[in-house]
Amino acid sequence: MARIPTLSAVRGRLKTAGVLASTLVLAASLTACGGGGESATPAAQNSAGSAVDANAFPTTIEHKYGSTTITQEPKRVVTVGLTEQDALLALGVVPVGVTEWLGKFPGTIAPWATDKLGGAALPEVLKDVDGPQYEKIAALKPDLIIALYSGLTKEQYDKLGQIGVPVVAQPKEYNDYGIPWQEATKKVGQAVGRATKADELVKGVEDKFAQVRKEHPEFEGKSALMASTYEGYFVYGSQDPRSRILESLGFKLPADLDAAIGDKFGKSLSAERTDLLDRDALVWLIDTPAKAQEILGKDALYTGLKVAKEKREVFIENEGTYGSAVSFVTVLSLPYVLERIVPQLTAAVDGDPKTEVKPAG
């Protein structure tokens with residue numbers, strides 16, 4: 001099954017009163033120990049980490065549920081969002097706890113990010129099945145909780161707040177799981193006092209996209225879409241970070257895409273909207289190419305589309321490192337993605353059905 005954020009994040013919006021009570025007890029103990037101040041054991045930090053900006057604190061970050069003020073440099077950061085560890089590592093900060101999503105990587109640190117650990121211990125891995133693991137988060141004695149790439153509810157936000165430390169939720173300007181990687185990087189940078197370095201990192205990756213657009217003018221204006229074979233055909237909307245990869249390369253999404261899926265990051269299409277898949281390039285995030293091709297090959301509606309007839313499809317395995325990098329869409333995963341997806345898209349849009357779109361590991 002395709003890894004869809006809300007499937008792992010729809011994940012129960014309920015939590016029992018017993019869990020909340022336990023959380024409150026832990027929160028009280030943290031407060032007694034000075035949870036809002038210096039932690040007993042600072043987070044491991046990359047020796048190459050950037051210096052904190054002058055006058056970085058206090059700083060206030062606006063989000064979906066109001067605003068959060070951080071008064072001093074965080075030493076023990078926990079990520080409730082699914083991808084923020086990459087921005088932290090890029091800034092030289094190793095979180096003490098991260099929330100598991102894709103890839104099942106040790107410490108939820110993917111291969112494209114492991115060199116940023118700098119020899120530090122792996123963070124503790126948290127699960128998110130029925131919401132954040134409040135007790136485990138509190139036991140890590142965090143001094144900052146980040147949930148930018150998330151679908152955090154108000155109830156969950158309030159419960160995390162009971163731990164007694166700043167909580168930064170997802171921005172209100174975007175759908176849940178819709179924060180652009182640039183803004184996620186910059187907000188993480190602001191939260192840990194490294195906004196200057198965050199800006200530099202963002203510019204570096206944006207420059208890579210600009211270079212690809214310069215080298216591949218054939219992408220400009222071509223139509224493209226990312227989809228999955230989950231529950232029929234699941235397509236990602238304009239506010240999903242995966243779709244933004246295509247736009248940043250010069251492609252255009254279908255004009256009526258968001259009208260078809262509503263205010264979500266994505267949605268399964270009805271049979272009558274299979275036409276949305278007929279693009280100059282169609283990127284499939286799938287479990288295995290063989291299984292996907294079997295499903296697609298049995299669908300007369302799909303096989304009748306030009307995108308299928310002219311073999312303009314790119315197949316990427318969800319469970320592989322590459323597939324995880326495509327879904328992460330972070331300042332660290334994107335260079336890894338570009339090395340692989342650009343040759344595939346080049347083959348897909350060259351106008352020759354005989355050109356093989358080769359798999360990339």
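Two strands are said to pair if DSSP finds at least two bridges between them. With that term in hand, this report describes a predicted model, beginning with its sheet and moving on to the spaces among its atoms.

## The five-stranded sheet

A227 stands opposite W284 in β11. The two strands concerned, β8 (residues 224-228) and β11 (residues 281-286), run parallel and are joined by five bridges. Two helices pack on the sheet. One of them, α10, touches β11 and β12, and its direction makes about 135 degrees with that of β12. The other, α13, touches β8, β11 and β12; the angle between the direction of α13 and that of β12 is about 105 degrees.

Which strands make up the open sheet, and in what order? There are five, arranged as β10-β9-β8-β11-β12, and their pairing is mixed. At the edges stand β10 (266-268) and β12, each with a single partner strand, so one side of each is left without a neighbour in the sheet. From one strand to the next, the twist averages 25 degrees.

## The largest pocket

The largest pocket holds about 390 Å³ of space. It is lined by 22 residues, of which F315, Q344, V357, K358 and P359 are the closest to its centre. Three elements give two or more residues to this lining: α10 (289-297), β12 (313-317) and α13 (321-328). Strand β12 provides the largest share of the lining, namely five residues. Thus β12, an edge strand of the sheet, also contributes to the wall of the pocket.

## The largest cavity

Rolling a probe the size of a water molecule over the atoms shows where empty space is left. How many cavities of 30 Å³ or more does the count give? The count comes to four. The largest cavity has a volume of about 110 Å³. Among the 14 residues that line the largest cavity, those closest to its centre are T83, W181, A184, V329 and T330.

Helices α3 (84-90) and α6 (181-191) each supply at least two residues of this lining. The lining also draws on two domains: at least three residues come from domain 1 (59-194), and at least three from domain 2 (216-349).

The table sets out the classes of lining residue for the two spaces.

| Space | Volume | Nonpolar | Polar | Charged |
|---|---|---|---|---|
| Largest pocket | about 390 Å³ | nine residues | seven residues | six residues |
| Largest cavity | about 110 Å³ | nine residues | three residues | two residues |

## The hairpin and two backbone details

Another pair of strands belongs to a hairpin. Strand β1 (residues 59-63) and strand β2 (residues 66-70) pair in the antiparallel sense over five bridges. T59 stands opposite I70 in β2, and the hairpin has two residues between its strands.

What kind of peptide bond joins F57 and P58? The bond is cis, with omega about 0 degrees. P58 lies in the loop between α2 (17-32) and β1.

A second backbone detail concerns Y177, whose phi is near 60 degrees, a positive value in a residue other than glycine. Y177 is found in the loop between β7 (167-168) and α6. Helix α6 is one of the elements that supply residues to the lining of the largest cavity.

Notes: Residues are numbered from 1 along each chain as its sequence is written. This is a predicted model: local features need pLDDT of at least 70, side-chain atom pairs count only at pLDDT 80 or more; totals for chains, interfaces and linings use all residues. Side-chain values use heavy atoms; hydrogens and water are left out. On a 1 Å grid over the protein atoms alone, a cavity is a set of points where a 1.4 Å probe fits but cannot get out, and a pocket is an open set with protein on both sides within 12 Å along at least five of seven lines; lining residues have an atom within 4 Å of a point. Grid points are joined across faces, edges and corners, and a volume is the space filled by probe spheres set on the points. Helices (H or I, at least four residues) and strands (E, at least two) are DSSP runs, numbered from the N terminus. Ala, Val, Leu, Ile, Met, Phe, Trp, Tyr, Cys and Pro count as nonpolar, Asp, Glu, Lys and Arg as charged, and the others, Gly among them, as polar. Axes are lines fitted to C-alpha atoms, for helices over the stretch in contact, and angles run from 0 to 180 degrees between N-to-C directions. Contact means heavy atoms within 4.5 Å. Domain bounds come from an automatic or database domain assignment.
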